[in-house]
Amino acid sequence: MKNTADVVVIGAGVHGAATAFHLARAGAGRVVVVDKSGVASGPTARSGAMMRPIFTEAPYIQLVMEATQMMEHWDELVGGDAGFVERGFLRFTRTFEKAELGGDLKLMKELGVEFEILDADALRARVPDAEFRGDEQGLWLPRAGYADPVLTTRTLARAAVRHGVTVLEGVQVTAIDAPGSRIESVQTDQGPIHTRTVVNCAGPWSARLAAGIGVALPIETHCGGTSLFQRPEAIPAGGPILSDGVNQVYFREVGDSVLRASHFGWTHNPVDPDDYDETISARQLQTLRDDLRKRYRSMQRGVFAGGFSAIYDMTPDAHPIIGNIGGVGGFWCNCGWSGNGFASSAAVGRHLAARIAGQTSEVDLGMFAWPRPPGTKMRPDGNWVKR
Ligand SMILES: Cc1cc2nc3c(=O)[nH]c(=O)nc-3n(C[C@H](O)[C@H](O)[C@H](O)COP(=O)(O)OP(=O)(O)OC[C@H]3O[C@@H](n4cnc5c(N)ncnc54)[C@H](O)[C@@H]3O)c2cc1C
C-alpha cells in the first residue's frame, strides 16, 4: 500500500471520486482515495441522481448548471458513460414563492437557467394521467435529468486513476493524526499513510472521523424510503421527472418499465449508518402510495415492484459542509450533503480541488463553511416533515 501521499481523500462516493479526479487535473500531486468498502458502495449507489437547478442560492444553481454541462459531454471530459438522460423536470406547485418552490425564479433566470411556467391546462395536456386544480401551476426545466449514480462515480474514479490517482478499496481509515492542529497522517486498517492534506468525503461517517481530531461536524444520519412501481401505461416511457410539490412526492423512470418514487422533505428518522433497516416499511410504502394516488389516476392501481431505505448525512440547515474546517491545517471537508449532493458533485470537486491546490475558483463556496457565515439561511426545502 502507498504510505505517502500529497492528498488523501476519504470515501469513494460520488464526491470523493469527483474531488480526486479534479485534484489530479489541478496538479495536486500524489492523490490517494481510500474507501472502507468500494467505489460507489455507500448512499451514492441508491441516489435518484436527479439534476435540476432549482435553488434559492446562487452557488447551488451555478454548480448544478456546470455539472449538467459536464454530463452533456461526459465521454469527452471524463471518459465513458454516466448514464445521463436529459428528460426534463416538471414541478407542480401552487405558488412560485421561494419557500414553496424551493427555488428563486428571479435568481435562476439571472443565472441563465432555462425554464417555462405552465398553467393548469398546459399541465393537463402534458400529463394527462394527472389531475390538477385550477390554482396549480408547473415549472418546466428542459435541461434537467438524471444519471446513473454508480456509472458516474465509477467513470470519475477510473478517470482519476488514468490521471495518476491511487484508489484503495476495502481499506478503512481508523483515525486521522493532526498533532498541533496540522494534518500529519491517516491511520488505516492496513497501515498509515503520511500526508499533509486530507479531504473528508465520508458522507454519513464523516462526523466520526472529524471528531477524532477534535472537529465537531453537526452531521446526523437519517433514513428514508424509496419505492419502485411498475410503470402504468398511462405514464408513457421516456417522460420527464415528475415532481409534485403539493403532495411532496416525485418519481422518475428506471429503465422502461419501472418508476422510482420518494417523498421530499425530511422525516426525522435517525439511524446508525452501520446498522439500519435497508428495506422499506409497509407504512412508508402506504404513505407514498396514498400521496401518488392524490395526483395520478393510474397510480390507484400502482403495482409495487420493490423498495429500499437509504441514509442521508443531514446538517441542521440542510447545506453541505465544504472547505478547510475546524482550524486544522490541511483538513478539508466535502460532506453533509443532506440528500442533495449528486446534482452538483461533478462540479463541486473542481472548485474544491482548485482551492486545495491553491488556485482560484469562480464559484464562491463560502456559504458552505462551518461554522456558517452570518446570514446563511436554512435551505427552504430542508425542513423536517412529519409522516
Ligand atoms: C435515496 C437517495 C436519493 C437521492 N437522490 C438524489 C437526487 O436525486 N439528486 C441529488 O442531487 N442527490 C440525491 N441524493 C443525495 C446524493 O446521492 C448524496 O448526497 C451523494 O451521493 C453523497 O455522496 P458522497 O460521496 O458525499 O457520500 P457517500 O455516498 O456516503 O460515500 C461515502 C463513502 O465514504 C466511505 N467511508 C466512510 N467512512 C470511511 C472510512 N472510515 N474509511 C474509508 N472509507 C470510508 C464509505 O464507504 C462511502 O463509500 C440522494 C440520496 C439518497 C440516499
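**Close-up views: the ligand and three helix pairs**

**View 1. The surroundings of the ligand.** A backbone N or O atom of His15 lies 2.9 Å from an oxygen atom of the ligand, a polar contact (a pair of N or O atoms within 3.5 Å; within protein, one must be able to donate a hydrogen and the other to accept it, and residues adjacent in sequence count only if both atoms are side-chain atoms). This is a predicted model, in which local features need pLDDT of at least 70 and side-chain atom pairs count only at pLDDT 80 or more, while totals for chains, interfaces and linings use all residues. Residues are numbered from 1 along each chain as its sequence is written, and side-chain values use heavy atoms, with hydrogens and water left out. In the side chain of Asp35, an N or O atom is 2.7 Å from an oxygen atom of the ligand. For Ala343, a polar backbone atom is 2.7 Å from a ligand oxygen atom. Which residues come nearest, of the 39 around the ligand? They are Asp35, Thr44, Ser47, Met50 and Ala343, where near means a heavy atom within 4 Å.

**View 2. Helix α1 beside helix α7.** The axes of α1 (residues 14-25) and α7 (residues 149-162) come within 8 Å and cross at roughly 30°; axes are lines fitted to C-alpha atoms, for helices over the stretch in contact, and angles run from 0 to 180 degrees between N-to-C directions. Helices here are DSSP runs (H or I, at least four residues), numbered from the N terminus. That angle makes α1 roughly parallel to α7 (under 35 degrees). On the α1 side, the contact (heavy atoms within 4.5 Å) includes Val14 and Phe21, and on the α7 side it includes Thr152 and Leu156. The residues of this contact divide into nine nonpolar, two polar and no charged; Ala, Val, Leu, Ile, Met, Phe, Trp, Tyr, Cys and Pro count as nonpolar, Asp, Glu, Lys and Arg as charged, and the others, Gly among them, as polar.

**View 3. Helix α2 across helix α10.** Here the axes of α2 (residues 58-72) and α10 (residues 342-356) come within 7 Å and cross at roughly 95°. That makes α2 roughly perpendicular to α10 (65 to 115 degrees). Among the residues in contact are Glu66 and Met70 of α2, with Ala343 and Arg350 of α10. By type, the contact has 10 nonpolar, two polar and two charged residues.

**View 4. Helix α1 against helix α10.** The axes of α1 and α10 cross at roughly 40° and come within 8 Å. His15 of α1 is one of the contact residues, as is Phe342 of α10. This contact divides into nine nonpolar, five polar and one charged.

Definitions and conventions: Helix = DSSP H or I, 4+ residues; strand = E, 2+ residues; numbered from the N terminus. Parallel < 35°, antiparallel > 145°, perpendicular 65-115°, else oblique.
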